[in-house]
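Me: I'm new to this structure and would like a close look at a single part of it. Could you pick one strand and its sheet, and walk me through the surroundings?

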Amino acid sequence: MIAISDLEFRFPGSDFRLAVPSLSITAGERVAIAGPSGSGKTTLLHLIAGILSPERGTIRVRDHALHSLGDAARRAFRVAHIGLVFQNFELIHYLDTFQNILLPCRLNPALRLTVEMERRAQALAQQTGLDHRLGYFPHQLSHGEKQRAAICRALLTKPALLLADEPTGNLDPTAKHRIVDLLFQQAQESGATLLTVTHDAEIMARFPRVLNCRDFAAGGK
Amino acid sequence: MKSVLFLAIRYLRFNRVKTAIMVFSIAVAVFLPLAVHLLVRDYQRGLLARAEATPLIAGAPGSRFDLVLHALYFRGKPARDLTMNDAAAINHSGLALAIPLLQKHSARGFPIVGTSLEYFDFRALSLAQGDGLARVGDCVLGASVAEKLRLHPGDKIMSDPENVFDLAGSYPINMHVKGILAPAGNPDDDAIFTDYKTEWIILGFMHGHQDVAQSDPNLLLARDPTNLVASEAVLPFQEINDDNLILFHTHGDETKFPVTAILVVPHDVKSATLLRGRFEDPKAAAQLLIPKEVVSETFDLVFRVKRFFDAQALLVGGATALLLGLVVLLSLRLRRGEMETMFKIGCARWTIFRLLAAEITVVTTCGVVLAVGLAWIVTVKFGARWRAHTLPPQAIHQESLSTPNAQPRVAVVNYPLSYFTSRLAGNEVEIIFPIPPNEDPAFWKPDSKGLREYQTADLILLNGADYEKWLPTSALPLSRQVVTSAAFADAYMTNGEVITHSHGSEGLHSHGLLDFNTWMDPTQAKQQAQAIRDQLIRLRPTAAGKFDTNLQSLEKDLDDLDRLLAHASVPLGRAPMLGSHPVYHYAARRYGWNLKSVHWEPDEMPSDADWRKFEQLHAEHPAKIMLWEEDPLPSVAARLRQMGIEPIAFETCASQPKTGDYLTAMKTNAARLAAAAAKAP
């Protein structure tokens, strides 16, 4: 699913350097990416998602050489294969829950907003218990509801790779586990590979594989 | 694009207050210059249309702008007035139609516009309700005035006092609303129209009051045969009605009474040029303007000011655009996270740009649409809705004809004029003489039907010499009135006897100072016939030859009559003669009669006092012949014969004679006079 080799990345004007000599993740695997703040967890996630492009090395995701793709191609790849769940959910504040779930279809010409897509959004909302909150705006939702809405948005396009950036941050323990359960459940149902950034030991303990980003980072951020 | 627009609208809808403020800001920035532009354009079109529809305006020398604003839009007043004589001079020039305007007062805030009936034809104004002007004291209201004041035909409206600190300055009069004009979409909608003489009444040039000779003797301070001096306690009537209409009169020469402006409608381009040439003289007492030029000049000034406002609007618009740009930039900063999220989930940066552009476009479009909508409302509500409808002079003339090829209708005021017109025109014109045969035309009180006959005639032949007592209080088209005796107006004779007296069935009335029986002198009758011939040719140029031939025939008959009367008068020499009424002055002057008159009616027995005065007069003026308009009562005739006076019926022919016509009646008069003269020792 994911094969990284001799990857190096540096933010312009920064001493921080992420170097991943080799990394391989198989399809359907559930992987937690751990590490202290500034160790490059989110950066690695963004490199795998094609949001960032490496300075050198290779990233292959589902046999696509992301490192050699241009911005538009990486974006197209991202739309087609990846679902992203952000740390602060990053729902669009002026759209209700239903429209937030449908947002990828509205923003990407490659994805047509069809009736089928709307049904899928409703189905996802039902699965995550959001079906009664579809007409609500983000500021009217609880933390957990927002997180569930963000997961629904990520799953709308049936991605092969689900990337979650600290999806349990700022949540109480019960809520954390409920979110992880949900991610596991959805990943399993859709057969997606799951990569989750976290620094929460309890959450890490639930993943079969944990990568520590401290091993990849070099220099200070 | 659909999704981008959807998201943009969702964003704007969510941020309602911010969106509303931005839309409002854009709307204000666009609305102000747009509304000013539209209003100015609208007013320019309206003002210019009315100016273009008015060929020329005459007024007293002074501000050209004041004159044009006054004459076209009833705003302001020129510093000085013209006189009615100026309007008459233009009409008599044969070059143009002169429509007088006199606007010095208002009623409940709306201008009272005194004018002649031609104004309504010229401006193509039609009545929506009621009737047109019939006499002084009547008014017709513009559509807006009627609507705002909720007045209808039959209501009354009082003119505003001219000066609240000078209650004696001019007396308000209560005008009768006779009709409501159909909406014209121009300043005529906001005016109250009366005959110009009604404005003279408000100004005090014409008034009516109780008859001081017959009412409270305390009101009469002095009296002599030709004049009455009344107390200031005599109050003028404030309303004109059937009872007091006859008591309205002018003091002074009407031709010198004021008009504030004259609309001048030349018959053609050449006439306009000739007319303008006459007013080019720097010493001319009036100025003649082309209103379009003056209004255009005014607009040049307005546009200079407008350019300043345009520049200001541009600056304000620029500042607003910068502020809105700043708001958008700040908004972008605040929405950076949102944009990043969109990018991360696969949105192209170009799509994000389109989303922002769509938001700005929607806001700008809403602002502009709102501004245009507001500007439209403002323009509709406050803009000039002026249309200018006018008719050329020829059309004004044709308006009165039932059909363009119909016989011209010529209205006359007495029988002699009817006879002359009939002799001259034959069947070329339709002669209208609406005064009943049993009424003395000189003292006729017109009813609305009779007046309408005169108002709709193509030519109104007046006798002149104050003959038409009803004329000063009636509304008639000025340009169609022709005074047939004007050629010898300087030879009018005064009767100079009694001012107020009883006159049989007509009741109390006043004689003017002039003897109006001008046709009693056949040489004057000839001049009147010539004046009629001239007008008939103007009316029916194609029949000029026929009119000339007929005039020659009539002149020959009148010359014969003149010889007969002269021959009959020879035996009389300077022998004293008496007249029962002062109606023979012109004949007396022509034939050298030594005539004195009393005021006796043929069908009344004079009182003892009258007889005593008569005997005294006879002692001083021992006449053997007394002329009567018709045979006196037998008892009166017998008493006269006892005094050695032979009464002779000498008809004036003001009404149609019982037998024959003017010529035969006058010849009979001559024969009777000759017979009496032969008998007289």
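Reply: Here is a walk around one sheet of chain B, with a short stop at the contact between the chains.

First, some ground rules: this is a predicted model, where local features need pLDDT of at least 70, side-chain atom pairs count only at pLDDT 80 or more, and totals for chains, interfaces and linings use all residues. Residues are numbered from 1 along each chain as its sequence is written, while chains are lettered from A and ligands numbered from 1 in the order in which they are written.

Chain B holds 20 helices and 26 strands; these are DSSP runs numbered from the N terminus, with at least four residues (H or I) for a helix and at least two (E) for a strand. Of its 681 residues, 41% count as buried, meaning that 20 or more other C-beta atoms, placed from the backbone, lie within 10 Å of the residue's own (12 or fewer is exposed, in between is partly exposed).

Now for the sheet. Four strands of chain B make an open sheet in the order E24-E23-E25-E26, with parallel pairing; two strands pair if DSSP finds at least two bridges between them. At the edges sit E24 (594-597) and E26 of chain B, each pairing on one side only. Neighbouring strands are turned by 30 degrees against each other on average, direction ignored, going by axes that are lines fitted to C-alpha atoms, with angles from 0 to 180 degrees between N-to-C directions.

Over at the E24 edge, strand E23 (residues 576-579) of chain B runs parallel to E24(B), and 4 bridges join them. Gly579(B) is opposite Ser597(B) in E24(B).

At the other edge, take Ala649(B), which lies in strand E26 (residues 646-649) of chain B. Ala649(B) is partly exposed because 16 other C-beta atoms lie within 10 Å. Setting aside neighbours within four places in sequence, Ala649(B) is in contact with Trp628(B), Glu630(B), Asp631(B) and Arg672(B); contact means C-beta atoms, placed from the backbone, within 7 Å. Ser580(B) is 69 residues away from Ala649(B) along the chain, and their C-alpha atoms are separated by 10.0 Å.

Finally, the two chains touch: the contact takes 17 residues from chain A and 17 residues from chain B. On the chain A side, helix H2 (71-81) and helix H3 (97-107) are the elements that give two or more residues, and H3(A) gives the most, with 5 residues.
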